[in-house]
Amino acid sequence: MSTARTYSLEWLDALISVTLNPARPYRRELRAEDIALLLEKVSVESQQVEHELNDKVFALYKDSQVCHLVQKYHTALTHLKEQAMGYLKGEPAAGSDPFRELEERIVSSLSTLLTFIEQRYSNYLSPSQQDTPEHPATHAKPSLERMKILCNLSGDQIALILRAADEAQVLKARSMNAVFKAIIPHLATAQRNELSADAIRSKAYNPEEPDREACINALQNMIRKIKDY
């Protein structure tokens, strides 16, 4: 019976960091048939990593856990890709390089995995992890739409803050509804990563006293900060 791997990138990591590392002896021991097998294995392994990431995300219940997992995968894959690209940029071997096709396959597979994560799990990536230079044409425009800011208030409290900002004319739009629709899609709370503008706006009326107090405390804390500037 097969068991789930604790470290999904173990095989790719070992291939890049150990087997193909010019500073290690293993690279020199690889034969043509070994390289051919590795070429096939890279494609299979990259698909397996994608499946394992999806399975792990599906098993999690909290957005914070998903965020941590996705960012960890993205960071690790980026590091491995940079390492593999470093081999490609290294001193070319005399004559034909038997490793070049394998290294190009690795870089291509890692790029595909990174693109998959950036497209499917974009809401869980930090701004610095989105829109990598490799994909400017594909992601440059949507990145602003996907950007999320974590707000340490509840949905009810956010509703009160935005209602007050609209009625005090701190924020000006054609309507209060327009304020909510422009801002809410870019916010996330500790409880929910996706918020509905209409649902949040409906909570702006008949507030409960704890939510009113939380908003006042947050605003007072901001006032103290501004006084210290």
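## Cysteines without a bond

A disulfide is a pair of cysteine sulfur atoms within 2.5 Å. With that cut-off in hand, we can turn to this predicted model, where the count of disulfides is 0. Why does C151 have no such bond? Its closest cysteine sulfur belongs to C215 and lies 9.1 Å away, which is too far for a bond. Seen from the other end, the closest cysteine sulfur to that of C215 is the one in C151, again at 9.1 Å and too far for a bond.

Are these two cysteines buried or exposed? C151 counts as buried, with a relative accessible area of 19%; the cut-off for buried is under 20%. C215 is buried as well, and its relative accessible area is 5%.

## The overall layout

Stepping back, the protein is built from 11 helices and 2 strands. Read from the N terminus, the order of its elements is α-α-α-α-α-α-α-β-α-α-β-α-α.

The protein has 229 residues, and 36% of them count as buried. Its accessible surface is about 14,500 Å², with 55% of that belonging to carbon and sulfur atoms. For contacts with a separation of 6 or more, 67% come from residues 24 or more positions apart.

## The buried side of helix 1

Helix 1 spans residues 10–19, and within it L12, L15, I16 and S17 are buried. Why do they sit on the same side of helix 1? These residues cover an arc of only 165° around the axis, and that places them on the same side. A general point helps here: an α-helix has 3.6 residues a turn, so residues three or four places apart point the same way.

What do the buried residues of helix 1 pack against? Their partners are helix 3 (32–59), helix 4 (63–88) and helix 5 (100–120).

## Rings and charges

The model holds 1 aromatic pair. F116 and Y121 form this pair in an edge-to-face arrangement, with 6.0 Å from centre to centre and 85° between the planes. Both F116 and Y121 are buried.

Two other rings have a positively charged side chain over them. R27 lies over the face of F99, 4.3 Å from the ring centre. For W11, a residue of helix 1 (residues 10–19), the charged end of K41 sits over the ring at 5.6 Å from its centre.

Definitions and conventions:
Residues numbered from 1 in each chain as written. Predicted model: local features only at pLDDT ≥ 70, side-chain atom pairs only at ≥ 80, totals over all residues. Heavy atoms only, no water. Buried < 20%, exposed > 50% of the residue type's maximum accessible area, 1.4 Å probe, protein only. Helix = DSSP H or I, 4+ residues; strand = E, 2+ residues; numbered from the N terminus. Arc of directions from axis to C-beta. Contact = heavy atoms within 4.5 Å. Phe/Tyr/Trp six-rings, centres within 6.5 Å; stacked < 30°, edge-to-face > 60°. Lys NZ or Arg CZ within 6 Å of the ring centre and 35° of its normal. Areas by Shrake-Rupley, 256 points an atom, 1.4 Å probe, with all protein chains shown as cover.
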